Amino acid sequence: MVEHLGLAADGFRATGHAGLAALTSLRLGFALEERGDLRRARKALEEGLSGAVTGPTGDAPYEVIPVGGAEPAVLVRLAELQFAAGEVARGRAALAQALAAVRRGGADRELAERLAERVRIEEAEAAGDLSGALALARQAAGAAADPRRRSGLLAKLCALALEADDPEAAYEYAKHGCDLRDGLLSEHLRGRGAAALALGRTAEAIGHLAESVRLARESGQAMPVRLVAALGALGAALAEDRRWSHAGAVLAEALALAAGPAWRGMRASLLAVRARTRFRQGDVDEAATLYQEALALGEAVGDDATVATVCGELAPVHAARGERDGAARLAERALDIDRARGRQRAVVRDLIALGRLGDVDRLAEALSLAQRIGFGEGQAVALAELGALDLRAGRFSAARARASAAIDLLESGTQPTTGNVQRPTPFSGGTQRPTAAAGGQPPDLGVGGAQWADPDVGGAQRAELFGGLHQREPAGDEPQGSGPVVEGARRSDGEVQRLAVEGAGRSDGEVQGSAVEGAGRPDWAGGEQRSVVEVTRQPDGEVQNPPVEGAGRSDVVAAEPQGPVAVGEGRLSGPGAAVGGGLWSDGDDGGGRVPGLGGAHRAELAAAYATRAAAGEELGELAAALADAERAGELDDTGSAAAERLRSRAVGLAVRLGRGARAWAHAERAKETLLGLEENVARAIGVDPGRLLDLLPEGSGVVAFHTGEALVSVVAHRAGWARPRAFATSAGPELLAEFAATARAGDGGRRRAELWRVVADLLLGEAIEALGDDLDVLYLLPHGDLHGLPLHALAPGGRLLLDRYAVAYAPSAAALARQALRRAGHGGRTLVAGQGEDAAAVAAVLGSPPVTAAARDLEGVWDTVHLACPACYDGADPYGSGIRLPGGLLNARALMDLRIEARLVAVSGCGPTPGGAGVTALGHALLRAGAAAALLPQWPAHPEVARELLPSFHARLAAAGPGRALRAAMLESRELYGSSRPDLWAPYTLIGLAA
């Protein structure tokens, strides 16, 4: 039979009968699948589905139907595949054709009844009557005696509930489906994971979805629709958890499996998830390209729900690119579709999006609708946005009141819903909403995340829909015996549940797009790559809503370390954006997690707290404002501009309240935006200045700076103080810009001398007076506009800092702690690289002839490395700064990958670009490479100065540490060139340990 079907398909194709060829290819695929020849079966099925995709789109799915009609069983299975692959319109057409064929035969009335029932559900969904579709599906499930049919209907109910923005009901339907433990377990786990994700329970969602992936791999499907759907959902959850590389690898595998025209509906959803991930990582242009491709595919398959989702998510991408008119058109289109489909919560989100784009009347409309339908989070977000508008208009009391109402609504819904909400039974009327709380606000807020985070929207990744109609149980998919399908999901107190995802650790480019034999496993290099996803434990010690029993059995994936978060998330700049947050905001970042909060929910709560903090500060309630700013910072723990503003506000408030330790901690966190994260131990020490001083030699003091939008704050600490002291300054951005402009200039005369005196007194006067003159070393921790400025050349109170102590800089307190923790002896070797008079002069002092060195020659264990090469600074990309070697530029990022263990690395030359933050970035890179300290130029040193100062510095290194050696050499140069010429005697800065 198989051979005959193959010949028939070839013949139909050769004679131009595309419809018959497609139908025959499908029958061939089903036959090959029964024989276990899965690779050939997939090829035949994809050819059959592609024929349906590229052929006419009338009522029937094919150009030609054989005499007597197509077999109903073939059409039902075709519809299953089309629904699962996202070809919703064609799936409905195939289903209607199957019903017509059964009715013509007249023999199987029960099958005709079931098909008619299913057609009615699909027609209601297609007409946008989601409540009607849900009612019909519940009625059918309640009457279903066949467990397999009930299982399929539960999967459909879960998908409908998610589309209707009712994740609570969707979760219950999926949970009941999991309890059946049948061949659709992978689908039910996927629905449960998608619902958990929409409810903000990201860790639980990852657990369910990881197990869904494992089961789908073992399902023996020729067309791996279950696997692709589960991978897409898992990729979305991992992205929500900011596990970018894992999410990228999972989505890459899914897209590689879903190549070709037969998969275009499913690809639309997968591309939308990948676009969302790229947007959150700050790659706006790539996100726009991916969204456009997803939109075109969604339109091609007629999937309105996916089109609405993509339009809603593409709108902020256009806004981030300054294309506000285009963003508004997309948001309006999403609104029109969601209204037509009856998706009320999505309508609220669309209205808020339009309000953020400038149509403020839409915010009031969104608030009214959210109140009417009991959508608490939508109500809260609308209130927060209106509060932000009040703040801008100077209505501070009104802003505080609205923000407080938004916070109350959001926080009352942060934990998983418990007994106060009646869960739906599988066939009840859905979730029964609780009565309104005091003030008429419903305590059940929902999360409403399905439109933004759920890849299961719009039928793109549906379950096997037909249950007892024609459910095929592939070998190995249905559990055997009466025991549980999976074991041990609920761990003992204190354990972490670990769940397997094969292949999640690879980058996008490593996925092979070949057809997959059997379980749909990708062709990984070596076939043994695994990653680990951890389901984190909640504060009470229990795993939060763990997956079905035993979901943790299989391969394990280790949680991705959280690195620096990319800036430039592209938040809207419309009303309310000044205080951060958004419906398109970031997910959890892996640090400072808040139990029960999903990414969007978390960002909205942060925005409300930020608005209340700003209003409270204006009203003079500084302590409450500081608490709100800190809470907002915990929630919006990212590198975004909004998060930076929160930290800046917190520093300023802490300084005004005289809370030095709090000001220090917030100022330290702000430095991570440029530098990224140091090791956990170093970070913990960095925010505790007392522990930092314990690591440094006796006689050390530290001054940390934070440049706010208006003024600079200073926090100082030294031995003998119980806590750090905070100092407000009146030094602002304009004064610092003047200071920077004169730093590199020649003889500035009296004007420069007066400017530097003012800067010194305003910026450092109080702090230095408090620290006193009995320190050996003063470490300066710059921030913002202070990077790359010669603070060591200032003279607060009329006395030069270098006259008081040796001065060194550090990128951050955490970076300084890291250096102190890893303090070790170094080799006695010396390397002098480069040519010219300064290289020869230094080589004569160090007794090591100058050589020409490439990057690889720098690696090793040294006492001193001197590079007579120019440092080239990049103002736009600080870590693009580097050292110009004979073989080219060795930038800071590449430097960090080298191993240069040295007491000191010195760079003598400097390019024409001002140093700025590039000085700090290059110094940080050298410290990370292994140097204990780095000597770098802030501007080009005069050749004569370099020939004198650098040999003098190196000659003193043997008897003193680099801090004292540089201090002595600079003071010597100042005596030679005069105190009025810091451009000559102060071009170099020491970064790292001074002793």
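1. In this predicted model, Gly394 comes after helix 20 and has a positive phi, near 85°. The helix that precedes Gly394 covers residues 376–392, and its end C-alpha atoms lie 25 Å apart, which agrees with the 24 Å that its 17 residues should span at 1.5 Å a residue. Helix 20 is also mostly covered, with 16 of its 17 residues buried.

2. Positive phi values also occur at two residues that are not glycine, and these deserve a careful look beside the model. Most residues other than glycine have a negative phi. Asp165 nevertheless has a phi near 60°, and its place is the loop between helix 8 (147–163) and helix 9 (167–180). With a relative accessibility of 1%, Asp165 counts as buried, since the limit for that label is under 20%.

3. Arg242 is the other case to examine: its phi is positive, about 65°, although the residue is not a glycine. Arg242 belongs to the loop between helix 12 (225–240) and helix 13 (244–257), and, with a relative accessible area of 2%, Arg242 is buried.

4. A glycine with positive phi appears again in a hairpin, which is formed by strand 4 and strand 5 with six residues between them; the glycine is Gly720, in the turn, and its phi is about 100°. The two strands, residues 712–718 and residues 725–728, run antiparallel and are joined by four bridges. Within this pairing, Ser713 of the chain stands opposite Ala728 in strand 5.

5. How many aromatic pairs does the structure hold? There is one aromatic pair, and it is made by Phe739 and Trp756, which meet edge-to-face with 5.0 Å from centre to centre and 85° between the planes. Phe739 is in helix 30 (residues 733–743) whereas Trp756 is in helix 31 (residues 749–771), so the pair ties together parts that are 17 residues apart in sequence. Both partners are covered: Phe739 is buried with a relative accessible area of 0%, and Trp756, at 7% relative accessibility, counts as buried.

6. Trp756 has a further partner, as the charged end of Arg752 sits over the ring of Trp756 at 5.9 Å from its centre. Since the cut-off for this kind of contact is within 6 Å of the ring centre, the 5.9 Å of Arg752 falls inside that limit. Elsewhere, the charged end of Arg201 sits over the ring of Tyr171, 4.8 Å from the ring centre.

7. On the cysteines, the count of disulfides comes to zero. Cys158 is in no disulfide, and the nearest cysteine sulfur, which belongs to Cys178, is 8.9 Å away; a disulfide would need the two sulfur atoms to be within 2.5 Å. Cys158 is buried, with a relative accessible area of 5%, and Cys311, at 0% relative accessibility, also counts as buried.

8. For the chain taken together, the secondary structure comes to 39 helices and 14 strands. Buried residues make up 61% of the 995 residues in the protein chain. Among contacts between residues at least 6 apart in sequence, 72% join residues that are at least 24 apart.

Technical notes
Residues are numbered from 1 along each chain as its sequence is written. This is a predicted model: local features need pLDDT of at least 70, side-chain atom pairs count only at pLDDT 80 or more; totals for chains, interfaces and linings use all residues. Side-chain values use heavy atoms; hydrogens and water are left out. Rings of Phe, Tyr and Trp (its six-membered ring) pair if their centres lie within 6.5 Å; planes under 30 degrees apart count as stacked, over 60 as edge-to-face and the rest as tilted. Buried means under 20% relative accessible area, exposed over 50%, partly exposed in between (1.4 Å probe, protein chains only). A charge sits over a ring if NZ of Lys or CZ of Arg is within 6 Å of the ring centre and within 35 degrees of the ring normal. Two strands pair if DSSP finds at least two bridges between them. The expected span of a helix is 1.5 Å times one less than its number of residues. Contact means heavy atoms within 4.5 Å.
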